[in-house]
Amino acid sequence: MKKFFRSLLAKYMLIILTAISIVQIAYIAMAILFVHIDHIENSKANSPEVVEENWHESAKHIDKDIPKNILALFDKWKKKYSEASMFWVNSNGVLSEKFNVKHQMPNRWDSTYTAKFMKESYASDPFTVIAFVGKNDSHGFVVLQIPRKTFNPPIAKANEKYGTLLSIIMLAIILLFIVISFFFFRGIRKRLLYLQDAMNIRDVDQLPIEIPLGKGDEIGQLEQTFNQMVVELRESKQREQKEEQLRRQLMADLSHDLRTPLTKIRAQTYTIDKENLSQKGKNAIRALEKSVQQIDHLIENLMSYTLLMASKYKFDPVEVDVVRQVRECIAGWYPVLEKEGFMIDVELHTFKNSQWYVDPIWLGRILDNVLQNVLRHAKNGLFVQVKTVSTTQYDAIIITDHGKGMNNQSEEKGVGIGLSIVDLMIQNMNLKWDIDSTSSGTTITIKKYY
C-alpha cells in the first residue's frame with residue numbers, strides 16, 4: 001500500500017480528486033452564502049400560498065379611513081417585496097391608488113375588464129393576488145403582483161445572482177487543474193529526458209554512468225534499475241577484460257612455446273632429408289615440411305592477432321607507392337603460385353595518386369594473407385588475378401580467384417585468423433575492403449577513398 005501511495009498513479013488521482021472536490025466545495029459555499037444573505041429560514045413564510053393568505057388578511061382588516069390605510073398597506077408590502085406592483089380599484093370601479101404599476105391600466109374598471117384581468121392573471125407571471133377590502137367587501141379590491149422568480153428556491157436564486165461568478169470560479173479551478181497537470185507531466189517528461197540523456201553519456205570504458213536517484217515512484221524505480229544495469233555492465237566489462245587479457249596472454253605464451261619444438265622438428269626434418277631415403281620417405285619428409293610451414297604460419301598469425309588486439313603491433317605509416325609494392329609482392333609470390341600450377345593474371349595500372357599513407361609492412365602482410373588463402377583454398381580453380389582499378393570515388397586493389405568460395409568446406413580451412421588480421425589492419429589504416437564469394441570464385445577488393 002505504501003508503494004502505491006508513492007506511485008505516479010496515486011499522485012495524479014490525488015490531483016483529479018482535489019480538483020473535483022474544490023469545484024463541489026465552491027458550488028456549495030456559494031449556495032450557503034446566498035442562503036445566509038437571504039435568510040433561508042424565512043423561505044417557507046414567503047411561499048405563494050402564504051403571501052396570498054397574508055394579502056387577503058391584510059385587506060380584510062381595512063374598514064376605516066380606507067385610502068390612508070391602503071397606502072399604509074402598500075408601504076408595508078413594498079418594504080418586503082420591492083419588485084411588487086400594487087393598486088386599488090374602489091367600489092365604483094375607479095383606479096384610485098397604485099404603486100410600481102408598469103403596465104397601462106384604465107382608470108375605470110367595468111365587470112367585463114375585471115373578469116378579463118382575473119382570467120389573464122391566473123397562474124401567470126407575475127404572481128397575482130386579488131383581495132376585497134374590508135370585511136363586507138364593499139370598498140372595492142386591492143391587487144398584488146409579484147414576479148414569480150421571487151419565490152424561486154435559494155439555490156436557483158444563487159445561480160441567478162451569482163451564476164456568472166460561480167462559472168468564473170469553476171473555470172479558474174479547471175484552468176488551475178490544467179496548469180497543475182501540465183507541471184506534473186512536464187516534471188515526468190523532464191525526468192525521462194534526463195534519464196535518456198544519461199543513457200547516451202559514456203565513461204572512459206564506453207559504458208553508461210550511474211545517475212543520482214530521485215523520488216521513489218515508477219521513474220525512480222526505473223532509475224534504480226538503470227543504475228543496477230550499469231553496475232552489472234561494468235562488472236561484465238571487467239570480467240571480459242580479464243578474460244581477454246588472459247586469452248591474449250595464453251595465445252602469446254602458446255605461440256612462443258610452440259616456436260622451440262617447431263624449430264627442433266624443422267632441424268630434425270632437414271637432417272633426415274639428408275639421409276638415403278626411399279621415394280616414399282622423401283614424400284613423407286615433404287609433407288612434414290609443408291605441415292611445419294603451415295604451423296609456423298599459424299603461429300605467426302596468432303602472434304600478430306594477439307599484438308593487434310592489444311594495440312602493441314608496431315604501426316609506422318608512411319607515403320607508399322602502393323602499385324609498386326603490389327608489383328613487388330606479386331613478384332615474390334609468382335614462383336610459388338606457378339609451381340602449384342596457377343594461371344596468374346596481373347593488370348596493374350598506375351593510380352592518379354599512387355601514394356597511400358599506410359604501413360608498408362602491414363600492407364605486405366595483408367597481401368600475403370590474401371594470396372596465402374588463395375594458395376590454400378582455391379587450388380581447384382588454379383587461377384588468380386591481381387589488378388588495380390580507379391573510380392571517381394576510390395582507388396582499389398582487386399584479387400580474384402576461381403575457387404569454390406569461402407562457404408566451401410576446404411580440407412585446409414582454418415579458423416579465419418588470417419582474414420581477421422587483414423580486417424584489423426585495414427581498419428587501422430583507414431582503408432575499406434569488400435569480399436564477394438560464390439561457388440565460382442572469390443573477389444577481395446581493398447579500397448582507398450579520396
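A residue counts as buried under 20% relative accessible area, as exposed over 50%, and as partly exposed in between. Keep that scale at hand for this tour of a predicted model.

**The whole chain**

Begin with the entire protein chain selected and coloured by secondary structure, which comes to 11 helices and 11 strands. The chain has 450 residues, and 34% of them count as buried. If you then switch to a surface representation, you are looking at about 28,700 Å² of accessible surface, of which 57% belongs to carbon and sulfur atoms. A contact map adds another view: among the contacts with a separation of 6 or more, 67% are accounted for by residues 24 or more positions apart.

**Helix α6**

Next, select residues 154–200, which make up helix α6, and pick out L175 within this helix. L175 has a relative accessible area of 47%, and is therefore partly exposed. Extend the selection to L171, I174 and I178, which together with L175 form a nonpolar patch on the surface, with about 370 Å² of accessible area for the four taken together.

Stay on helix α6 and move to S181, which is found in this helix as well. Is S181 buried or exposed? Its relative accessibility is 8%, so S181 counts as buried. To see what S181 touches, set aside its neighbours within four places in sequence and show Y12 and I15, with which S181 is in contact.

**Helices α8 and α11**

Now hide the rest and display residues 279–309, helix α8, alongside residues 417–428, helix α11; these two helices pack at an angle of about 35°, with their axes 9 Å apart. The crossing of α8 and α11 is left-handed. Which residues meet between α8 and α11? On the α8 side, select L298, N301, L302, S304, Y305, L308 and M309, and on the α11 side I417, G418, S420, I421, L424, M425 and N428, since these are the residues listed as meeting one another.

**Helix α4 and F99**

For the last stop, select residues 66–80, which form helix α4, and find D75 there. D75 has a relative accessible area of 37%, and because this value lies between the two cut-offs, D75 is partly exposed. Finally, add F99 to the selection and draw a C-alpha to C-alpha distance from D75: the two residues are 24 residues apart in sequence, and 9.0 Å apart in space.

How values were computed: Residues are numbered from 1 along each chain as its sequence is written. This is a predicted model: local features need pLDDT of at least 70, side-chain atom pairs count only at pLDDT 80 or more; totals for chains, interfaces and linings use all residues. Side-chain values use heavy atoms; hydrogens and water are left out. Patches are made of residues with over 30% relative accessible area and no salt bridge: like charges are joined within 9 Å, nonpolar side chains (Val, Leu, Ile, Met, Phe, Trp, Tyr) within 5 Å. Accessible areas come from the Shrake-Rupley method with a 1.4 Å probe; for residues, only the protein chains shown count as cover. A salt bridge is a side-chain nitrogen of Lys or Arg within 4 Å of a carboxyl oxygen of Asp or Glu. Helices (H or I, at least four residues) and strands (E, at least two) are DSSP runs, numbered from the N terminus. Buried means under 20% relative accessible area, exposed over 50%, partly exposed in between (1.4 Å probe, protein chains only). Axes are lines fitted to C-alpha atoms, for helices over the stretch in contact, and angles run from 0 to 180 degrees between N-to-C directions. A crossing is left-handed if the near helix is turned anticlockwise from the far one by less than a right angle, and right-handed if clockwise. Contact means heavy atoms within 4.5 Å.
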